[in-house]
Amino acid sequence: MMTSDVIIIGAGIIGNACAYYLAKKGYKVTVLEKSDIIGNGGSSRNGGGVRQSGRDPRELPLAMYGIENLWPNLSEELGYDVEYHKKGNLRLGKTEAHLKTLKKLADSASACGLDVRMIDGDEVRQINPYLSKEVIGASWCPTDGHANPLKATLAYYMAARRLGATFITGEDVKCIKKIRGKARQVITQTDTYEGDYIVLAAGMASRAIAGTVGIDIPMVQKLIEALVTEAEPKMFEQMLGTAEADFYGHQTDHGSFVIGGSTGFELYKKDNGTPMNYSDTVPCICRGIIRYIPMLKDAKIVRAWAGWSDNMKDGVPVIDTVSEVPGLVLACGFTGHGFGIAPGVGTVVSQLIAGEEPVCDISGLKYDRFYAKDIKTA
Amino acid sequence: MSELSNRSKDIGEFVPMPDDDMIVCRCEEVTKGEIRKAVHEGLWTIAEIRRYLRCGMGLCQGQTCAKLVKGIVARELKCSPALLEPATSRAPMRPTEMHVFADETEETDL
Amino acid sequence: MGRISQHPILGVQNEEKKIVTFKYDGKDMQGYEGEPIAAALKANGVMVHRYTMKQHKPRGIFCAIGRCTDCVMVVDGEPNVRTCMTPLKEGMDVRTQYGVSDKPFDQQ
Amino acid sequence: MKIERFDLIIVGAGPSGLSAAIEAAKRGMKVVVFDENARPGGQLFKQIHKFFGSKEHKAKIRGFHIGEQLLQEARDAGVKVELNATVVGLYQDREVVVRMGEEVHHFKGDAVIIATGASENMVLFDGWNLPGVMGAGAAQTLMNLYGVKPGEKVLMLGSGNVGLVVSFQLLQAGCDVVALVDAAPKIGGYGVHAAKVARTGVPFYLSHTIKKVEGTDHVTGVTIAQVDNHFQFIEGTEKHFDVDTVCVAVGLSPMSQLLKMAGCEMEDNPKRGGQVPIIDDYGKTSVPGIFSAGDVSGIEEASSAMIEGRMAGVAAAEYLGFMTADEKKTELDKLSTSLESLRQGMFAPKNRGKNITETEEGIPISTNLLSKGFVADDEIERYPGVIHKAGIHPVIECTQNIPCNPCQDACNQGCISIGDNITALPISVKDSKCINCGMCVASCPGQAIFLVDEDTGDGKASITLPYEFLPLPEVGAKGKALSRKGEPVCDAEVVKVRSSKAFDNTSLLTISVPKEYAMKARFFKAE
């Protein structure tokens, strides 16, 4: 049996960021990953957005803190280039209804102190001349940006490993076991690991694992699909998204475009055991992109991928200690937008464990915030 | 669990070699030295090395270099290449233009 | 280089094919209609199809069956066209590819 | 989105895919074959040499002719082959997405057979990225499909069958092959393939590999050097060649990505050449309804791929109820026997990696053949195809057990005997009368048969040898006779030149040499 200060379940970007910040504070950390591959879930299957605009006010503080304090120096701090660019985010609209949706989100973010505003089609095309005339407006957040999710996930892993964190891959966690009323042991298919704290950052698998200590997290799985093109001449640096969520993405340092999108059937995709692309998704994303950026019509797609995201009932994650299960810290349910806030989450989780006051307000992300609809909440 | 599960296992120090600047991935121009170094930084699977260095992620999708990369990584890890799972196969099998994907015509004359 | 005019097993090849003129880096060049662009270039002694993005190194035909994508060039304005798989047509504009552009690196 | 449906979708119109399609279509299935190339036949149309095997395996027929026959058979069976149709992916529920022209189309098959073949392996050496370094398959494609010379002066790396066959084809295309190099200490391919290259004068460098390919914008030269048992260069053994082309033939890897994408159980199997699906004897994968055939499930010869394809076609037909289990068994038993006979001999998949030093008959294998590409004069006498007698008779320089017997069928005079065991070394029958028809010389896929008359009077001997080069020498042409090693040994004069439809483009050159060279002269070079 291996004993550590903290056991982290899941080596995605959340688990790896938690491992890094905890190791930096001097904790002896062990990370258990079900897959043989580090960062094999949503962490390597997303559009790389590092954005604040469009986020729920409950998770906005994490995003803002990260962009203000962590992302700008992350490559330097970790010692690996994570390709972070803070060049703004356009969330595009093609109809009045789109603009209404975008404005609502922009207004609530502004109220939280974020610099985000609505701009018209002409101003959109001044910022990004490749966008089509169909775009009639957008929300513009100049402090948003993007990074390379593959590199950032592995950079946190490599940096944590360098600080002495132990990573075990191919370890399928069966349950968490309480010892004298405290979460203390993690039982896998082959072994038992013991720690003072257990961080559950296992994406969709978190629900079943939390269930073994009597905690239920209301999440469902949703297939997210993304694609990457061949390298193209450099076109623009902003992160793009749309009101309709028909596509989102950016051009990477390499020149390729990484773009995600949806067909509308995401919640109803069949799970045959391997996250497999659906044949209609890439065509659908392509049709979407071409309408917004006609010049990309000849760009060749070299690869598409799919992965399951852990979608919460109310669209924001659970980041919390659990009073009924002392020692357990939850960091899951990121609903497909955990990448940009991962540095903030890692920082806050390390603070929860160290007994420090979190650097930003996560009071809206409690695990016990869910009530049946006829119960009045305070 | 395999012999490569514990990423803290000692695989020795990175030792520079005279042919480290040899290109292995022709598409993305990734060198042997970069791949060997990445193994010593803790990237022990083909998938991680691909994602970090882009080798095998270019136009040909690793058609030419996959076996070569596998051999280099296995030698660095002192394990059999058979232990290393090859990269996931992903559509499209050949680079395909967006406008082609976008056009899912209803009928063929088949 | 050049064509194999008479082959001991295959006899006379390309006999009834139509000769077309295309542009290679602005110069007129000839080949057979429908043969891969790469074959026509090879027959004309062209070795370098592109220069790579990072190291600016020359590349040419390597697999000739569309797998390796080393032979890509800018064809009729479109970069990354596999010349070993793309049939030659009259008037095609074939250009050496530098990175992903048809402009030499010092002009990019 | 419209999904079009077929009983069976086959990916790849090479030897195995077409064979599978034929069997399935014959059983009344609605079949379509998709292939990304402009022409069907896979690699068959680049194979201009005569195939090994027996009659049922289409032995002594050139690969591209087998391709034509297969295409005709497919057309007759009503198989639909869609060309320029690139399969983009194999999705859930056997959905095949295909790029055709500027569109993608969605298809579903109740069964799917993946027959996507293989791609060439590579090795790393300094300069392997330079234009002018190419796969041997690339050279083959350029010269045999498009009639373009891959280069003028070529060095071949790799002595497996591909390296040997393509070297010979380069010579046929009029290129100069300056050397055949392999890091291994032994030639990997058939001895007869090596011998026909060696006798033209191409030097073999075993235990050697490329140290550096030179050139700035393209290949201008290459330096090779000897390697030790650990494949490390031995200082001071460097040899330089001026070349414009380096061909690499170091094996093939299955292109099994579609099967992996579809979730079929895979394994890394070096005996099969890499990542292959786990299949039963007839190509059934772990995913119901998905089958595989040919090189994609294990690297072998085109002849085996065709049988495997037929098996997968039959298996798919039975899977969908187009034939009964009994009918399937009868068919598969027949095909298995045929496949089994191809998988015999020294080079059989089961013998890969084994160090075989003796033939099945107990005769030591020629060590010169394995290390230099030719059987030495003092070794050749020990094989049963090599006899001495008065008058003209076949001398069969076939010294390894390979599954091949067209020579036996070619001779109706009983001069050549192999027997029922297809891998047995052919015997030149002493007690028989050769009528000098030349059929054995032309039909030997290994070009290993010579008609020798050791004494034609005037102190001369005559040797009839297979000749597949241009220009074809004329009667009266004078030149040098080359030894098995490819070295000039004596003066020679062409006394007879025979070409015939039955010889299928193999010409028969009869040369007259001093009689002491009857067993030494094996090639002719005009002056």
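Me: How many bridges join strand 12 of chain A to strand 16 of chain A?
Reply: This is a predicted model. In it, strand 12 of chain A covers residues 219-229 and runs antiparallel to strand 16 of chain A. One residue of this pair of strands, A:Gln221, stands opposite A:Asp310. The number of bridges that join the two strands is 11.

Me: Is strand 16 of chain A largely enclosed or largely open, and how many of its 13 residues are buried?
Reply: Strand 16 of chain A spans residues 300-312. A residue counts as buried if 20 or more other C-beta atoms lie within 10 Å of its own. Strand 16 is largely enclosed by the rest of the structure, because the buried residues among its 13 number 12.

Me: Which residue of chain B stands opposite A:Lys300?
Reply: Strand 16 of chain A also pairs with strand 3 of chain B, residues 96-97. That pairing is antiparallel and has 2 bridges. Opposite A:Lys300 in strand 3 of chain B stands B:Glu97.

Me: In the contact of chain C with chain B, how many residues of the chain C side are charged?
Reply: The contact takes 7 residues from chain B and 9 residues from chain C. On the side of chain C that touches chain B, 2 residues are nonpolar and 4 are polar, and the number of charged ones is 3.

Me: What is the order of the strands in the open sheet of 5 strands in chain D?
Reply: The pairing in this sheet is parallel. Strand 8 (133-135) and strand 11 (204-206) of chain D are the edge strands, each pairing on one side only. From one strand to the next, the twist averages 20 degrees. The order is 8-15-9-10-11.

Me: Which residue is the bridge partner of D:Met134?
Reply: Strand 8 of chain D runs parallel to strand 15 of chain D, residues 245-248, and 3 bridges join them. In strand 15 of chain D, the partner of D:Met134 is D:Cys247.

Me: At about what angle does helix 3 of chain D run to strand 8 of chain D?
Reply: Helix 3 of chain D covers residues 136-145. The helix lies across strand 8, strand 9 (153-157) and strand 15 of chain D. Its angle to strand 8 of chain D is about 85 degrees.

Me: Is D:Ile511 buried or exposed?
Reply: D:Ile511 lies in strand 27 of chain D, residues 507-514. Among the residues that D:Ile511 touches are D:Ile463, D:Val494 and D:Phe524. Because 29 other C-beta atoms lie within 10 Å, D:Ile511 is buried.

Notes: Residues are numbered from 1 along each chain as its sequence is written. Chains are lettered from A and ligands numbered from 1 in the order in which they are written. This is a predicted model: local features need pLDDT of at least 70, side-chain atom pairs count only at pLDDT 80 or more; totals for chains, interfaces and linings use all residues. Helices (H or I, at least four residues) and strands (E, at least two) are DSSP runs, numbered from the N terminus. Two strands pair if DSSP finds at least two bridges between them. Two residues are in contact if their C-beta atoms, placed from the backbone, lie within 7 Å. Ala, Val, Leu, Ile, Met, Phe, Trp, Tyr, Cys and Pro count as nonpolar, Asp, Glu, Lys and Arg as charged, and the others, Gly among them, as polar. Axes are lines fitted to C-alpha atoms, for helices over the stretch in contact, and angles run from 0 to 180 degrees between N-to-C directions. Lists of a residue's contacts leave out its neighbours within four places in sequence.
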